[in-house]
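Please take a moment to look over the sequence and the structure shown here, and keep both in view while you read. The paragraphs that follow are meant to be read slowly, with each named residue looked up as it appears.

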Amino acid sequence: MAENFDPVLGGQQLAGSDPVMGGLVAVEQALDSPDPKVRIQAIKGALKYGSRGAELVIHALQNDPNWEVQFAAWETLLKSKDPQHVQVAKSHRLPLRQVGDVRARYKAGERDFRWADLSGADLWRANLSQADLRGANLSRAGLSGANLSEANLWLADLSGANLSGANLSQANLRGAKLGGTNLRGANLWGAKLSPGWDQFADLRRAILPDGTIHP
């Protein structure tokens, strides 16, 4: 007799069993796994199982001890077609990570600094080109002359940061907080920015996204 195959986790069910209930059981079991990768895989398919699946994802977002699992839950809700799920993700601030010496880690080949706590960090002339800094806290950080070209700074907090003379060409700054940010002489050519981004930052002599130079 052929066995049914669970589309989310690859687990098998007995023929004739309810595929939704069987899938939910598989997801619940996977979320109890000590392996974060197994929990992440379960989260990515959990929304297929309706309100109970959503409850499991939200519980993982709020309670899982592993940051990567929390991020997977947050991203799953954010990408959902359900406005309520999206709102839960938007209203939840992921915990910041301590990443230590960013310069050394970058030099060693690491690029993942999502949701890193770098507030007040001294990163003068640091090379962080193509770094993933989504959601990172860089408020009041010293980034004068830093290379952040093609960096992903989506939702990053750059309020009060010193980015004078920094290279932000083709960086993703959508949703970034730029209140009181020093961008004097910075290169923002080709950068992706949200509407109204230039209301509160100091842009004197900066190269703007369209290539023009601010007075």
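What follows is a walk through a predicted model, from the overall chain to its cores, its aromatic rings, its pocket and a few single residues.

Begin with the chain as a whole, whose secondary structure comes to six helices and four strands. If you read along the sequence, these elements follow the pattern β-β-α-α-α-α-α-α-β-β. The protein chain has 215 residues, and buried residues make up 44% of them. Another way to look at the fold is through its contacts: among those between residues at least 6 apart in sequence, 18% join residues at least 24 apart.

Some of the buried residues gather into nonpolar cores. The largest nonpolar core holds 40 residues, and within this core Leu138, Leu143, Leu158 and Leu183 touch the most other members. Leucine 183 is a good place to pause, for when residues up to four places away in sequence are not counted, its contacts include Leu163, Leu168, Leu188 and Trp197, as well as Asp202 and Arg204. There is also a second, separate core of 23 residues, and among its members are Ile40, Leu61, Ala89 and Trp115.

The last of these residues, tryptophan 115, leads to the aromatic rings. A pair of aromatic rings is described by the distance of the centres and the angle of the planes. A search of the whole structure finds six such aromatic pairs. In one of them, tryptophan 67 and tryptophan 115 are 6.3 Å apart from centre to centre with 50° between the planes, and the pair is described as tilted. This pair links distant parts of the chain, since tryptophan 67 lies in helix 4 (67-78), while tryptophan 115 lies in the loop between helix 6 (102-107) and strand 3 (172-173), 48 residues apart from its partner. Both tryptophan 67 and tryptophan 115 are buried.

How are the rings of tryptophan 74 and tryptophan 115 arranged? Their centres are 5.1 Å apart and their planes stand at 70°, so this pair is edge-to-face. Here again the pair links distant parts of the chain, with tryptophan 74 in helix 4 and tryptophan 115 in the loop between helix 6 and strand 3, 41 residues apart. Tryptophan 74 is buried, as is tryptophan 115. Taken together, Trp67, Phe71, Trp74, Trp115 and Trp154 form one aromatic cluster.

Tryptophan 115 deserves a further look for its backbone. Most residues other than glycine have a negative phi. Tryptophan 115, however, has a positive phi of about 55° although it is not a glycine. Arginine 140 also has a positive phi, of about 60°, and it is not a glycine either. Arginine 140 is placed in the loop between helix 6 and strand 3, which is where tryptophan 115 lies as well. Which of these two residues is buried and which is exposed? Tryptophan 115 counts as buried because its relative accessibility is 2%, whereas arginine 140 is exposed, with a relative accessible area of 56%.

Turn next to the empty space in the model. Rolling a probe the size of a water molecule over the atoms shows where empty space is left. The largest pocket has a volume of about 190 Å³. This pocket is lined by 13 residues, of which Trp74, Lys90, His92, Arg93 and Leu155 lie nearest its centre. The elements that give two or more residues to the lining are helix 4 and helix 5 (83-91), and the largest share, three residues, comes from helix 5. Sorted by class, the lining has seven nonpolar, three polar and three charged residues.

Helix 5 is also the place of valine 88, which is partly exposed, with a relative accessible area of 25%. Leaving aside neighbours within four places in sequence, valine 88 is in contact with Ile58, Leu61 and Leu77. Of these, leucine 61 is 27 residues apart from valine 88 in sequence, and the two are 9.8 Å apart in space, C-alpha to C-alpha.

Finally, consider serine 164, whose place is in the loop between helix 6 and strand 3. Serine 164 is buried, because its relative accessible area is 18% and buried means under 20%. With neighbours within four places in sequence left aside, serine 164 is in contact with Ser144, Gly145, Asn182 and Arg184.

Terms used: Residues are numbered from 1 along each chain as its sequence is written. This is a predicted model: local features need pLDDT of at least 70, side-chain atom pairs count only at pLDDT 80 or more; totals for chains, interfaces and linings use all residues. Side-chain values use heavy atoms; hydrogens and water are left out. On a 1 Å grid over the protein atoms alone, a cavity is a set of points where a 1.4 Å probe fits but cannot get out, and a pocket is an open set with protein on both sides within 12 Å along at least five of seven lines; lining residues have an atom within 4 Å of a point. Grid points are joined across faces, edges and corners, and a volume is the space filled by probe spheres set on the points. Ala, Val, Leu, Ile, Met, Phe, Trp, Tyr, Cys and Pro count as nonpolar, Asp, Glu, Lys and Arg as charged, and the others, Gly among them, as polar. A nonpolar core is a set of buried Ala, Val, Leu, Ile, Met, Phe, Trp, Tyr and Cys residues joined through side-chain atoms within 4.5 Å. Buried means under 20% relative accessible area, exposed over 50%, partly exposed in between (1.4 Å probe, protein chains only). Contact means heavy atoms within 4.5 Å. Rings of Phe, Tyr and Trp (its six-membered ring) pair if their centres lie within 6.5 Å; planes under 30 degrees apart count as stacked, over 60 as edge-to-face and the rest as tilted.
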